[in-house]
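I opened the notebook to go through this chain step by step. The entries below record what I looked up, in the order in which I looked.

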Amino acid sequence: MRDIPEGGEPSVRPEPASRDTATSLTTGALARRLGVSPTTLRSWDRRYGIGPAVRADGRHRRWTAPDIAVLETMCRLTSAGVPPAEAARAAKRSASPEPAGIPLSPGPAEPADDPALAPPPEPTSRSRAAGTLPLGDVRQECRGLARAAVRLDAPAVQEQLAAAVETHGLAVAWQEVMVPTLHAVGRKWASSGDRYVEVEHLLSWHMSTVLRRSTRPPARHTDTPGPGPVVLACVPGEQHALALEALNAALAELRLPARMFGAAVPAEALIGAVERLGPVAVVLWSQVRSTASFPLARHLAGTGWGVKGARRRPLVVLGGPGWAGRSGQGMLRPTSFQDALDTLAGLYGATSP
């Protein structure tokens, strides 16, 4: 039986395929297997010479097991934050020694293929990213984390987030790894016509998972005299709770009592919780102006408990951009995550890392 090419016309039977070719993958199938786009594979082939050793009919790419091994190494290295040009050289060296007189390097590094963070001129512990992350100096982990997220490589995202927390501590990992990367993905989504929203969702989900896993059990609150816990809650209608999850985990790391209520807490429920717990502080998060409720904040700030003459009231801390540009007399508006953590820790006579 004669083979039928894509054009539909019969052709002469080709020579028997080698064992590697017979078990090879098309570009589309390999892209799905690796979690990258076919465009990225073609770009890597064009820019860095990481392409199939055999083409079935001189045109169509067929990726054999050795080709796939090189690409798997390339994906692993770029996910770890290695610039693509450098990762390509290392991936090809891992497959075979460089022939004498024939350098594997394609020349000067090209811009990054993946719509993530462009590589810096030199690998350093901190690097100045360009293009999609115009945030100044960022840690190198941001680049690898963003590339893994863009590829929807959930295991790599989870592993890198956990490593960042273990290496730098929760507060630094949040401020210098998670937030810049999340902002980079958000900027890419905003500038790409609603593309990459799935990347933002995946990244946020795994950040939340890592933050919760890093949270120790809350300190037990008793009726003995002393400061109550910190209450953390999003105002009614506010769904963005990730920053509060980070603050909750950071307080738990300091072994300070906190009660996390999460997103969109109804006003009546929040008021009831404050009256029952007698917290030392209430952190209210608002991401957008439409959810910022100053009447609720003022009501909570005026809530008192205890015996007459020794009544206490909570410190109300307004977190998030939704409160910006509006007066919150008698309430605290921290300038940063670290500022909020330092203030809350100070209420217990503790110091943050």
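**A strand pair and its crossover**

I began at Leu232, which I found standing opposite Met260 of strand E6. The model I am reading is a predicted one, and I keep that in mind for each entry that follows. Widening the view from this residue pair, I noted that strand E5, residues 230–234, and strand E6, residues 258–262, pair in the parallel sense, and that 4 bridges are found over the pairing. I then followed the chain from one strand to the other and recorded that E5, helix H10 (residues 242–253) and E6 together make a β-α-β unit of the right-handed kind.

**Loops on either side of E6**

I next looked up backbone angles in the loops around this unit. For orientation, I reminded myself that most residues other than glycine have a negative phi. Arg255 is not a glycine, yet its phi is positive, at about 65 degrees, and I located Arg255 in the loop between H10 and E6. With a relative accessible area of 47%, Arg255 is partly exposed, because that class covers values between 20% and 50%.

On the other side of the strand I found Ala264, in the loop between E6 and helix H11 (267–277). Ala264 also has a positive phi, near 45 degrees, although it is a residue other than glycine. Its relative accessible area is 25%, so I entered Ala264 as partly exposed.

**Helix H3 and the glycine after it**

Which residues of helix H3 are buried? For this helix, residues 38–48, I listed Thr40, Leu41, Ser43, Trp44, Asp45 and Tyr48. Just after H3 I came to Gly49, for which I noted a positive phi of about 75 degrees.

**Thr73 in helix H4**

I then turned to Thr73, which is found in helix H4, residues 65–79. Is Thr73 buried or exposed? Its relative accessible area is 14%, and since buried means under 20%, I entered Thr73 as buried. I looked up what its side chain reaches and found the backbone oxygen of Ala69 at 3.1 Å. Leaving aside residues up to four places away in sequence, I recorded that Thr73 touches Ala91 and Ser94.

**Glu159 in helix H7**

For contrast in burial I chose Glu159, a residue of helix H7 (residues 154–168). Its relative accessible area is 59%, so Glu159 counts as exposed. I also checked its distance to Val210, which lies 51 residues away along the chain, and found the two C-alpha atoms separated by 9.3 Å.

**The buried side of helix H13**

In helix H13, residues 337–346, I listed Phe337, Gln338, Ala340, Leu341, Leu344 and Ala345 as buried. Why do they lie on the same side of H13? They cover an arc of only 160 degrees around the axis, and therefore I could place them on one side of the helix.

**The chain as a whole**

I closed with totals for the chain, whose secondary structure comes to 13 helices and 8 strands. Of its 353 residues, 44% count as buried. The accessible surface comes to about 18,200 Å², and carbon and sulfur atoms account for 54% of that area. Taking contacts between residues at least 6 apart in sequence, I noted that 66% of them join residues at least 24 apart.

How values were computed:
Residues are numbered from 1 along each chain as its sequence is written. This is a predicted model: local features need pLDDT of at least 70, side-chain atom pairs count only at pLDDT 80 or more; totals for chains, interfaces and linings use all residues. Side-chain values use heavy atoms; hydrogens and water are left out. Helices (H or I, at least four residues) and strands (E, at least two) are DSSP runs, numbered from the N terminus. Buried means under 20% relative accessible area, exposed over 50%, partly exposed in between (1.4 Å probe, protein chains only). Contact means heavy atoms within 4.5 Å. Accessible areas come from the Shrake-Rupley method with a 1.4 Å probe; for residues, only the protein chains shown count as cover. Two strands pair if DSSP finds at least two bridges between them. A crossover is right-handed if, with the strands pointing away from the viewer, the path from the first strand over the helix to the second runs clockwise. A polar contact is a pair of N or O atoms within 3.5 Å; within protein, one must be able to donate a hydrogen and the other to accept it, and residues adjacent in sequence count only if both atoms are side-chain atoms. The arc is that of the directions from the helix axis to the C-beta atoms.
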